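Q: Hey, can you walk me through this one? I'd like to start with what sits inside.

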Amino acid sequence: LVYLAAARPIGFHRRDRLIALFWTELDDARARDALSQALRFLRQSLGSDAVVTRGVDEVAVDRDRVWCDAVAFRTAIEAGRAEDALPLYRGDFLDGVFVEEASGFEEWLEGERAALRELAARGARQLAERHDGHGEHTVGVGWGRRAAELAPDDERAFRRLLGLLDR
């Protein structure tokens with residue numbers, strides 16, 4: 001579900017890609033059966049119209065039925081609405097989730113975690129600079145701290161924070 005809801009490009013995903021992510025250890029027939037069972041479970045759990053298909057090879061979630069905070073976060077950040085986006089970022093994407101024997105999914109998940117964290121840090125930096133530029137130094141410091149927390153290895157983030165604290 002989370003892959004269908006959050007993976008880019010947003011929309012339909014090929015069945016063979018899903019099989020390669022989740023069922024690499026199975027032969028093709030068993031992997032396709034496992035995917036069909038998973039999709040059947042999602043439809044039973046979320047409603048039959050929550051998972052949609054295009055032809056026989058593509059699967060997606062219906063965006064009107066399934067909302068994803070990671071997608072909403074990314075959309076808001078990319079639209080320059082960091083103040084709307086950052087409350088949606090509550091920590092690493094699917095923190096603590098591990099899918100055994102799905103190395104493709106784990107690779108995708110680690111990449112998404114890193115990308116979303118970087119977007120959050122960038123958004124916090126933008127807000128820190130914006131508020132500082134408007135003379136709202138205390139608010140700017142708060143966002144500067146958040147940026148430094150999100151990017152602990154970014155020396156520039158700490159330098160910016162020190163500058164904000166100095167002002």
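A: Sure, one term to begin with: a nonpolar core is a set of buried Ala, Val, Leu, Ile, Met, Phe, Trp, Tyr and Cys residues joined through side-chain atoms within 4.5 Å, and buried means under 20% relative accessible area with a 1.4 Å probe, protein chains only. This is a predicted model, where local features need pLDDT of at least 70, side-chain atom pairs count only at pLDDT 80 or more, and totals for chains, interfaces and linings use all residues. Residues are numbered from 1 along each chain as its sequence is written, and side-chain values use heavy atoms, with hydrogens and water left out.

Q: OK, which residues have the most contacts inside the largest nonpolar core?
A: Phe73 and Trp108, in a core of 43 residues.

Q: And which helix gives the largest share of this core?
A: Helix 6, with nine residues. Helices here are DSSP runs of H or I, at least four residues, and strands are runs of E, at least two, numbered from the N terminus.

Q: What does Phe73 touch?
A: Leaving out residues up to four places away in sequence, Phe73 touches Ala85, Leu86, Leu88, Tyr89, Leu116, Leu119 and Ala120. Contact means heavy atoms within 4.5 Å.

Q: Switching to the sheet, what's the strand order?
A: The order is 1-3-2, in an open sheet of three strands with antiparallel pairing. Two strands pair if DSSP finds at least two bridges between them.

Q: Why do strand 1 and strand 2 each have one side without a neighbour?
A: Strand 1 (13-14) and strand 2 (51-54) are at the edges, so each has a single partner strand.

Q: How many bridges join strand 2 to strand 3?
A: Four, with strand 3 covering residues 58-61. Arg54, for example, has Glu58 in strand 3 as its bridge partner.

Methods:
Buried means under 20% relative accessible area, exposed over 50%, partly exposed in between (1.4 Å probe, protein chains only).
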